[in-house]
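Biologist: I have a structure open and want to learn how to read its binding sites. Where should we start?

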Amino acid sequence: MSQLKQLLCLAELDQQQLAGLLDLALEIKQHPNNYSTALKGKSIALLFEKPSLRTRVSFDVGINKLGGHSVYLDQQNGAMGVRESVEDFGSNLACWTDAIVARVYSQQSLIKLAQSSKKPVINALSDLYHPCQALADLLTLKEQFGDLSKVHLAFVGDGNNVCHSLMLGAAIMGMTLTVVTPPGFGPDAHVLLKAQALGQESGAKLTLSQHVSSASGADAIYTDTWMSMGNKADPAQVERVFAPYQINTAVMQRLAVKNFMHCLPAHRGHEVTSEVLDSDYSLVLQQAENRMHAQNAVLVSLFA
Ligand code: CP
Ligand code: NVA
């Protein structure tokens, strides 16, 4: 596998690199002791402009398990463009740290950060993408089903950052992906074009729909919050538009889907019911655990 230089978006990876990262993540998950000094002497900044549970903790603990050191910058100390510019954050952090993991409002900030920093930048969620989440999700699907090119995933909900990264990941790996969104909440047009182009190379099947019935027979249904962080829309209006897209037991049974996925945090009773979220067929905690293994594969690849 060729060496990774950054991870701002999954489209930076070809199929061999993405498959290699998933294999490495499984290897690290199965044999953690073999990687306990992989980041020896390395310091990594974790910069968060938005709240986080999974991403923050899984990076911090993961870096520790690889023998590295992390420095956490919270929403106050990591607020780029307030006390100093994004570029000054990038150039300064590069003086002391070996990589920057950043959760930002805008993908543009990540691009500026990467341009101004001499050290690699990893996207820990932006308005457009959540590549680390999609890596963990693909790892979970691989564990569950094996060959990803034979997997049919259906995403039902908001065509947002999580959906975008799943589209790119599925397209690279030649999967079947059905994206079901309410009218007006479909994925970004540029991301769609990119995914379609990647899908042509891999043989992926990408379908967009506004009808939940299109998810029928999928191997797994995936949903995400209807109100992403920073969304200023009227919650009551969002609730009205998205209500028909809720994943509940009746929907799972009607569509004959046997696995449920969610990036979390979940909003119980909104995009998903507790009955589905807490069911035996819910993969959400496997996904959450796999965040760490997938990210550790990224970190190990950066410094290989
Ligand atoms: N899925 C995810 O990124 O969770 P956090 O927002 O808690 O990091
Ligand atoms: N789409 C959600 C994902 C949270 C992990 C958000 O951006 O808030």
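Modeller: Start with the pocket. The space taken by ligand 1 is the largest pocket. Keep in mind that this is a predicted model.

Biologist: And which pocket does ligand 2 sit in?

Modeller: Ligand 2 also sits in the largest pocket.

Biologist: How do I read a shell? Which residues are around ligand 1?

Modeller: List the residues that have a heavy atom within 4 Å of the ligand. For ligand 1 these are Ser-52, Leu-53, Arg-54, Thr-55, Arg-103, His-130, Gln-133, Cys-263, Leu-264 and Arg-291. Then sort them by class. The shell has 3 nonpolar, 4 polar and 3 charged residues.

Biologist: Which polar atoms pair up with ligand 1, and at what distance?

Modeller: Look for N or O pairs within 3.5 Å. The side chain of Arg-103 places an N or O atom 2.8 Å from an oxygen atom of ligand 1. Gln-133 also uses its side chain: a polar atom there is 3.0 Å from a nitrogen atom of the ligand. Leu-264 takes part through its backbone, with a polar atom 2.9 Å from a nitrogen atom of ligand 1.

Biologist: How much of ligand 1 does the protein bury?

Modeller: Compare the ligand alone with the ligand in place. Alone, ligand 1 exposes 250 Å². The protein buries 96% of that.

Biologist: Now the other site. Which residues are around ligand 2?

Modeller: Use the same kind of list. It holds Leu-125, Asn-160, Asn-161, Val-162, Asp-224, Thr-225, Ser-228, Met-229 and Leu-264. By class there are 4 nonpolar, 4 polar and 1 charged residues around ligand 2. Leu-264 is listed for ligand 1 and for ligand 2.

Biologist: What are the polar contacts of ligand 2?

Modeller: Take the side chains, then the backbone. Asp-224 has a polar side-chain atom 2.7 Å from a nitrogen atom of ligand 2. Ser-228 has a side-chain N or O atom 2.7 Å from a nitrogen atom of the ligand. A polar backbone atom of Met-229 is 2.8 Å from an oxygen atom of ligand 2. On its own, ligand 2 has 270 Å² of accessible area, and the protein covers 95% of it.

Biologist: How do the domains fit in? Which of them supply the shell around ligand 1?

Modeller: Find the bounds before placing the ligand. The chain is assigned domain 1 (10–130 + 291–303) and domain 2 (131–287). Each gives at least three residues to the shell around ligand 1. The domain centres, taken over C-alpha atoms, are 24 Å apart. The contact between them takes 32 residues from domain 1 and 32 residues from domain 2.

Note on methods
Residues numbered from 1 in each chain as written. Chains lettered and ligands numbered in written order. Predicted model: local features only at pLDDT ≥ 70, side-chain atom pairs only at ≥ 80, totals over all residues. Heavy atoms only, no water. Polar contact = N/O pair within 3.5 Å; in protein donor to acceptor, adjacent residues only side chain to side chain. Areas by Shrake-Rupley, 256 points an atom, 1.4 Å probe, with all protein chains shown as cover. 1 Å grid on protein atoms, 1.4 Å probe; cavity = no way out; pocket = protein on both sides within 12 Å on 5 of 7 lines; lining within 4 Å. Sits in = over half its atoms within 2 Å of the grid points. Nonpolar A, V, L, I, M, F, W, Y, C, P; charged D, E, K, R; others polar. Domains from an automatic or database assignment. Contact = heavy atoms within 4.5 Å.
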